[in-house]
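Biologist: Before any term is accepted, I should like to see how each one is justified. Let us take the structure in front of us and reason from value to conclusion.

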Amino acid sequence: MSVAHIELVELDEASGGLWSEAWRRLRRNPGAIVGFGFVALFVFVGIFAPLISPHSPLDQNLALIAKGCCPGPSVHHLFGIDDLGRDEFSRVLYGARSSLIIGVVAVAVALSAGLVIGGVAGYVGGIIDSALMRMMDVMLAIPGLLFAIGIVAMLGPSLLHIMIAIGVTNIPIFARLLRGSILAQRENDFVLAARSVGVPRHSILVSHILPNAISPVIVQGTLALATAIIDVAGLSFLGLGDPNPARPEWGQMLTNSNAYLQNAPFLAIIPGLAIVVSALGFNLIGDALREALDPKLRGRD
Amino acid sequence: MLRFIVRRLLLLVPILIGLSILIFLWIRALPGSPAQALLGERATPAAIVQIRHQYGLDKPLYVQYLRYVDTTVHGNFGTSIVSRRPVTTELRERFPATVELSVAAMLFAIMFGIPLGFLAAKRYGTVFDHASLVGSLIGVSTPIFFLALILKYVFAVRLGWLPSIGRQDVLLDTPHPTNFYVLDGIVTGHWVAAWDAVKHLILPALALGSIPLAIIARITRAAALDVQNEDYVRTARAKGLPPHTVDSRHIFRNAMLPVSTIIGLQTGLLLSGAVLTETVFALPGIGSWLANAIFNRDYPVIQGGILFTALVFVTVNLLVDISYGIINPRIRLS
């Protein structure tokens, strides 16, 4: 085999590209497909809740609960009626909105701040790296939920503050992950090559190191969406949820139904399952992405 | 090895200093004053001034911080504003409850997670393997408090098999020398009390242990799969060792390395879950205590309690790192 031939083969393999290959593997993973299904349903319901819900989530029909709480599922009310005579099905659909918005914004906060901190720490190194990482250690030393409760307590309960609180508690995770990933990439030959031909430091970081270091961050981002949805519900459960009653939220629905657990367990089970299904969707995708992006598994199929 | 331990211990110092400053400043940023929280809505201005003076809240910030550091270093975390009892006394009562709960949750997670993960790896690609993977994903996707509510509803309310709240039956009046109720029952010979405490622990431990169980099972499976393909496993099989010897000596022991790290990390993370579990089952542990302290603006409890939990958390992680060094010869000898 001639030298030229070997190079040709290597080029041929590389032309697949990490992302197109990952995409191909993802499509073949049944878990990923189910996950995409759940997430697509969740996002669709979240966006189009006003169009598809049969009733307003706030309309109270007190006649329905005149005989006690609470009538179970029926043809007109698929998931039954809640303790205030509202249609549970519509409320679950609307609940997807809160979870979707909070999840996406919280992860965006964590991701952007974590990327900047981790990127700077990993690429600049030295004292700045140590200082930033010690700060992250301090944040990680406080149990996440208590940290989030603390931030909401400090800023006051509101949708925005809940998103900030959940985002901030996730910053150190992203920062550490990206820093570690960058440190691993920094020693690579292609970085040395870029530096030796005079590419400026910041563009080495942005266009050479980051694209290669980013895949674990993307996986973590997907998984963080799942935990964000669960954490929001947890905050609601502790009484620190979105204070606006006009926005139904799954965690709050679960908590409110606590008193009716004996007579109407479906009021707790349905929003609870909604949380599980949407979190499961993101976890399935994250899991499949991790496998698809794993460089050790590349080219095996 | 010693240098590694000393270096890790030194790293704790800046973390603890940073943490104390962070908690201190954060408390001052909370809206509403503790004097107000203590005296209620209709407090007279004079009473508020008096309380502020009594707790040193009228001093400049740096004086308050130095006082806080000084008393904390001497093991005095102050007095709770709400219960008016020393924070250390409450900590002594509540910390054992959380430790007991966490240990029970971790035991459950380890006892089921490791065999499950190992079996899944041995039966790689079978229905059992897929089911365990899906099961563990559902496990990490289920909010702890949801699972706790369901368990409470089914096993305590509907079936009445297990108690639903508290650490011990209220009618049992037994001594508590250590505040670890199970241990207390055994030490003082009150077997009924010990068994009662265990029964109170079962449901909370199942709820709190579900996520670590799922994670431990996954990591065990992945680790066992990795090790299975190592050359030394093939060698062991080739020289004719019985399969179960290869499983236990060559695969299992080496697969336990990453699992031990995860167990340590999860132990630290249990505290967040403990806040929710303790709330559902009305357990008087530190999780629910701290959450309530934040709601009530109970400054000394927040300061002392969070610092203490953080100290426990970093110590657990340090112990994990050290034990990892001890079990892993590659780290120990390098």
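Biologist: Where in chain B is B:Arg84 found?

Modeller: B:Arg84 is found in the loop between helix H4 (61-73) and H5 of chain B. Please bear in mind throughout that this is a predicted model.

Biologist: Why is B:Arg84 called exposed?

Modeller: A residue counts as exposed if 12 or fewer other C-beta atoms lie within 10 Å of its own. B:Arg84 has 8 other C-beta atoms within 10 Å, and is therefore exposed.

Biologist: What makes the backbone of B:Arg84 worth a remark?

Modeller: B:Arg84 has a positive phi of about 60°, although it is not a glycine. Most residues other than glycine have a negative phi, which is why such a value is remarked upon.

Biologist: Which value does phi take at B:Ala282, and where is that residue found?

Modeller: Phi of B:Ala282 is near 50°, again a positive value in a residue other than glycine. B:Ala282 is found in the loop between helix H11 (243-280) and helix H12 (286-296) of chain B.

Biologist: How do you know whether B:Ala282 is buried or exposed?

Modeller: The cut-off for an exposed residue is 12 or fewer C-beta neighbours. B:Ala282 has 12 such neighbours inside 10 Å, so it counts as exposed.

Biologist: And B:Ser132, is it buried or exposed, and why?

Modeller: The term buried requires 20 or more other C-beta atoms within 10 Å. B:Ser132 has 21 C-beta neighbours inside 10 Å and therefore counts as buried. B:Ser132 is found in helix H6 (residues 127-141) of chain B.

Biologist: With which residues is B:Ser132 in contact, leaving aside its neighbours within four places in sequence?

Modeller: They are B:Leu116, B:Ala120 and B:Ala217. B:Leu116 is 16 residues from B:Ser132 in sequence, and the two C-alpha atoms are 7.4 Å apart in space. The contact itself is judged on C-beta atoms, which must lie within 7 Å, so the C-alpha distance does not decide the matter.

Biologist: How many residues has H5(B), and how does its reach compare with the span expected?

Modeller: H5(B) has 36 residues. The expected span is 1.5 Å times one less than the number of residues, which means 52 Å here, and H5(B) reaches 50 Å from its first C-alpha to its last, close to that value.

Biologist: Where does H5(B) bend?

Modeller: H5(B) bends by about 30° at B:Glu93, and the proline B:Pro96 follows within four residues.

Biologist: What are the helix and strand counts of the two chains?

Modeller: Chain A has 12 helices and 0 strands, while chain B has 14 helices and 0 strands. Buried residues make up 46% of the 301 residues in chain A and 39% of the 334 residues in chain B. The C-alpha trace of chain B spans about 85 × 55 × 40 Å along its principal axes.

Biologist: Which residues have the most contacts inside the largest nonpolar core?

Modeller: They are A:Ile149 and B:Ala148, in a core of 158 residues. Its largest share, 19 residues, comes from helix H9 (residues 191-228) of chain B. Beyond four places in sequence, A:Ile149 is in contact with A:Leu238, A:Leu240, B:Ala291 and B:Ile294.

Biologist: How many residues does each chain give to the contact between them?

Modeller: Chain A gives 35 residues and chain B gives 33. On the side of chain A that touches chain B, H12(A) provides the largest share, 9 residues. By class, that side of chain A has 24 nonpolar, 8 polar and 3 charged residues.

Biologist: What confidence does the predictor assign to the model?

Modeller: The scores are ipTM 0.80 and pTM 0.82. Chain A averages a pLDDT of 80, and 86% of the residues score at least 70; chain B averages 82, with 95% of the residues at or above that score of 70.

Biologist: Where in chain A does pLDDT stay under 50, and where is confidence lowest in chain B?

Modeller: In chain A, pLDDT stays under 50 over residues 1-15, for which the model has 2 contacts beyond four places in sequence. In chain B, confidence is lowest in helix H14 (residues 329-332), at a mean of 62, and highest in helix H5 (residues 87-122), at 89.

Note on methods:
Residues numbered from 1 in each chain as written. Chains lettered and ligands numbered in written order. Predicted model: local features only at pLDDT ≥ 70, side-chain atom pairs only at ≥ 80, totals over all residues. Core = buried A, V, L, I, M, F, W, Y, C linked by C-beta atoms within 7 Å. Nonpolar A, V, L, I, M, F, W, Y, C, P; charged D, E, K, R; others polar. pLDDT = per-residue confidence, 0-100. Bend = angle between axes of the 7 residues up to and from the residue.
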